[in-house]
Amino acid sequence: MLNQLNHLKETASQTAGPYVHIGLAPNQAGFDIFEKNFANVLTGPATKGERIRIEGRVIDGSGTPLRDVLLEIWQANAAGRYQHPADLQAKDVDEDFRGWGRACSDFETGVYRFDTIKPGPVTGRNGREMAPHINFWIVARGINIGLNTRMYFSDEAERNAKDPVLNLIEWEVRRKTLVAQREELNDEVVYRFDIRIQGEDETIFFDI
């Protein structure tokens, strides 16, 4: 098997679109083909924590919002624990919180949305606390490999300043590209997080 693999050539890369949503989020494209559709709502009726909405756009180098983007998020619960058996933190598990969601940008406006809760701080490597954050994965036309980034919260400035991942970014001015701004609209907490693929204020992406 190893000898055979040595003779196989790498196939050419290709982008994910423009019809990636039909296979991964068919309900948005008008196709009812899955018994349980993956959704942008991560909470249930009994989920603990502050309910929030995340809204934003994915913007290309020309400043144009992309309208066929697929985004996935995963995050800790309000106690700061992931809904995954590999998370061994001594924190409460919330059985009514999925911790993972998928959404597409709106075909008309380019806006994406997630309904979730604000996560708690997570204990990382060497016992260092990470500020509350949400992990993003983005794929679209023109993107050969999915992009990974994080979203932090503007009202967590003190924790953000100590976060070990944010502090890996040498240019402090660029850390702001990972911070979502909090707004309160019609009794709803909204964090706005635009993701810029290229150009001025390009979002920081992580190689993971």
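Colleague: Let's start with the strands: over how many bridges do E7 and E8 pair?
Modeller: Strands (E) are DSSP runs of at least two residues and helices (H or I) are runs of at least four, both numbered from the N terminus. Two strands count as paired if DSSP finds at least two bridges between them. E7 and E8 pair in the antiparallel sense, and the number of bridges is 6.

Colleague: Before we go on, what kind of model is this?
Modeller: Residues are numbered from 1 along each chain as its sequence is written, and side-chain values use heavy atoms, with hydrogens and water left out. Local features need pLDDT of at least 70 and side-chain atom pairs count only at pLDDT 80 or more, while totals for chains, interfaces and linings use all residues, since the model is predicted.

Colleague: Which residue of E8 is the bridge partner of Phe-136?
Modeller: Phe-136 has a partner in another strand too: Ile-73 stands opposite this residue of E7. E2 and E7 pair in the antiparallel sense over 6 bridges. In E8, the bridge partner of Phe-136 is Thr-149.

Colleague: Is Phe-136 buried or exposed?
Modeller: Buried means under 20% relative accessible area and exposed means over 50%, with partly exposed in between (1.4 Å probe, protein chains only). The strand around this residue is mostly covered, as 6 of the 7 residues of E7 are buried. With a relative accessible area of 0%, Phe-136 is buried.

Colleague: How many residues of strand E3 are buried?
Modeller: E3 covers residues 100-104 and runs antiparallel to E2 (residues 70-75), with 5 bridges joining the two. One example is Trp-74, whose partner in E3 is Trp-100. E3 is mostly covered, and of its 5 residues the number buried is 4.

Colleague: How are the rings of Tyr-112 and Phe-136 arranged: stacked, tilted or edge-to-face?
Modeller: Rings of Phe, Tyr and Trp (its six-membered ring) pair if their centres lie within 6.5 Å; planes under 30 degrees apart are stacked, over 60 edge-to-face and the rest tilted. The whole structure has 5 aromatic pairs. The ring centres of Tyr-112 and Phe-136 are 6.1 Å apart and their planes stand at 70 degrees, so the pair is edge-to-face.

Colleague: How far apart in sequence are Tyr-112 and Phe-136?
Modeller: Tyr-112 is in strand E4 (residues 111-117), and Phe-136 is in strand E7. This pair links distant parts of the chain, with a separation in residues of 24.

Colleague: What is the angle between the planes of Phe-114 and Phe-136?
Modeller: Phe-114, like Phe-136, is buried, with 0% relative accessibility. The two rings lie 6.3 Å apart from centre to centre and form an edge-to-face pair. The angle between their planes is 90 degrees.

Colleague: How many salt bridges are there?
Modeller: A salt bridge here is a side-chain nitrogen of Lys or Arg within 4 Å of a carboxyl oxygen of Asp or Glu. Arg-182 and Glu-50 form one, with the closest N and O atoms 2.9 Å apart. By this rule the count is 14.

Colleague: Which residue forms a salt bridge with Arg-182 at 3.3 Å?
Modeller: Arg-182 is partly exposed, with a relative accessible area of 27%. The partner in question is partly exposed as well, at 35%. With the closest N and O atoms 3.3 Å apart, the partner of Arg-182 is Asp-155.

Colleague: And which residue meets Glu-183 in a salt bridge?
Modeller: Glu-183 is partly exposed, with a relative accessible area of 29%. Its partner is partly exposed too, at 33% relative accessibility. The N to O distance is 2.9 Å, and the partner is Arg-192.

Colleague: What is the volume of the largest pocket?
Modeller: On a 1 Å grid over the protein atoms alone, a pocket is an open set of points with protein on both sides within 12 Å along at least five of seven lines, whereas a cavity is a set where a 1.4 Å probe fits but cannot get out. Grid points are joined across faces, edges and corners, and the volume is the space filled by probe spheres set on the points. The space in the largest pocket is about 650 Å³.

Colleague: Which strand gives the most to the lining of the largest pocket?
Modeller: Lining residues have an atom within 4 Å of a point, and there are 23 of them, with Arg-125 and Arg-150 among those nearest the centre. By class they are 10 nonpolar, 8 polar and 5 charged, where Ala, Val, Leu, Ile, Met, Phe, Trp, Tyr, Cys and Pro count as nonpolar, Asp, Glu, Lys and Arg as charged, and the others, Gly among them, as polar. Strands E5 (122-123), E7 (133-139) and E8 each supply at least two residues. The strand that gives the most, with 3 residues, is E8.
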